[in-house]
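Open the model in your viewer and keep the sequence panel beside it. The stops below are selections to make one after another.

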Amino acid sequence: MTSQSAADPAGSSRPALPAAERGATVIPDKVVARIAARAAQEALAVLTDTCAASAALSAPRASVTAGGGAARLRLTLDVPYPLDLAGASRHVQHHVRERVTRLTGMHVTEVTLAIEHLAGADGGEHRRVR
């Protein structure tokens, strides 16, 4: 009676191919962009303490340039006001980099942010200062 190995259930005598020769998983740029936009939304939710501020924010938008297992991300987003923009930007960049790396396995070389709007938590974005 012969026993079959768990790694080779068919019992063939062919050696397993090295990982580099077995192929690769390809993740389209559009999917990576969606992951990045969702991660930015998660990061902003942590920074936003009121529902009114969250409702005033548009969903983040992302674009990706990827190749060779690395990705460069560009995010356009709205942030609540008042807020420490430098600290919030670092938080969003770090969270997006970590989430995209964890979910895709890609090395994120750059996360660029473009803040499009500052949204007031009290709806005061249309007030004028006298």
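Helices here are DSSP runs of H or I with at least four residues, strands are runs of E with at least two, and both are numbered from the N terminus. By that count, Val-96 belongs to helix H4. The model is a predicted one.

**Whole chain**

Start with a cartoon of the full chain. It contains 4 helices and 3 strands, and along the sequence they come in the order α-α-α-β-β-α-β. Of its 130 residues, 27% count as buried. The exposed surface amounts to about 9,100 Å², with carbon and sulfur atoms supplying 54% of that area. Among contacts with a separation of 6 or more, 70% link residues that are 24 or more positions apart.

**The strands**

Select 61-67, which is strand E1, together with 70-81, which is strand E2. E1 and E2 run antiparallel and are joined by 7 bridges. One pair to display is Thr-65 and Arg-72, the latter in E2, which stand opposite each other. The hairpin of E1 and E2 has 2 residues between the strands, and there Gly-68 takes a positive phi near 65°. Most residues other than glycine have a negative phi.

Now add 107-120, strand E3. E2 and E3 run parallel, with 12 bridges between them. Follow Leu-77 across to its bridge partner in E3, Ile-115. Further on, Pro-80 stands opposite Ala-119 of E3.

**The crossover**

Show 85-104, helix H4, as well. E2, H4 and E3 together make a right-handed β-α-β unit. Between E2 and H4 there is a loop, and Pro-82 lies in it. Zoom in on the peptide bond that joins Tyr-81 and Pro-82: this bond is cis, with omega about 0°. Most peptide bonds are trans.

**Helix H2**

Select 29-47, helix H2. How far apart are the end C-alpha atoms of H2? They are 27 Å apart, which agrees with the 27 Å that its 19 residues should span at 1.5 Å a residue.

Colour the buried residues of H2: Val-32, Ala-33, Ile-35, Ala-36, Ala-37, Ala-39, Ala-40, Ala-43 and Leu-44. An α-helix has 3.6 residues a turn, so residues three or four places apart point the same way. The buried residues of H2 pack against E1, E2 and H4.

**The core**

Which residues have the most contacts inside the largest nonpolar core? Select Leu-73, Leu-75, Leu-77, Val-92, Val-96, Val-100 and Val-111; the core as a whole has 21 residues. H2, E2, H4 and E3 each give two or more residues to this core, and the largest share, 8 residues, comes from H2.

**Val-96 and Val-100**

Finish on two residues of that core. Is Val-96 buried or exposed? Its relative accessibility is 0%, so Val-96 counts as buried, the cut-off being under 20%. Leaving out residues up to four places away in sequence, Val-96 touches Ala-36, Ala-39, Ala-40, Leu-73, Leu-75 and Val-111. Draw a distance from the C-alpha atom of Val-96 to that of Ala-43: the value is 7.7 Å, although the two are 53 residues apart along the chain.

Then move to Val-100. With the same neighbours in sequence left out, Val-100 touches Val-32, Ile-35, Ala-36, Leu-73, Gly-105 and Val-108.

Methods. Residues are numbered from 1 along each chain as its sequence is written. This is a predicted model: local features need pLDDT of at least 70, side-chain atom pairs count only at pLDDT 80 or more; totals for chains, interfaces and linings use all residues. Side-chain values use heavy atoms; hydrogens and water are left out. A nonpolar core is a set of buried Ala, Val, Leu, Ile, Met, Phe, Trp, Tyr and Cys residues joined through side-chain atoms within 4.5 Å. Buried means under 20% relative accessible area, exposed over 50%, partly exposed in between (1.4 Å probe, protein chains only). Contact means heavy atoms within 4.5 Å. The expected span of a helix is 1.5 Å times one less than its number of residues. Two strands pair if DSSP finds at least two bridges between them. A crossover is right-handed if, with the strands pointing away from the viewer, the path from the first strand over the helix to the second runs clockwise. Accessible areas come from the Shrake-Rupley method with a 1.4 Å probe; for residues, only the protein chains shown count as cover.
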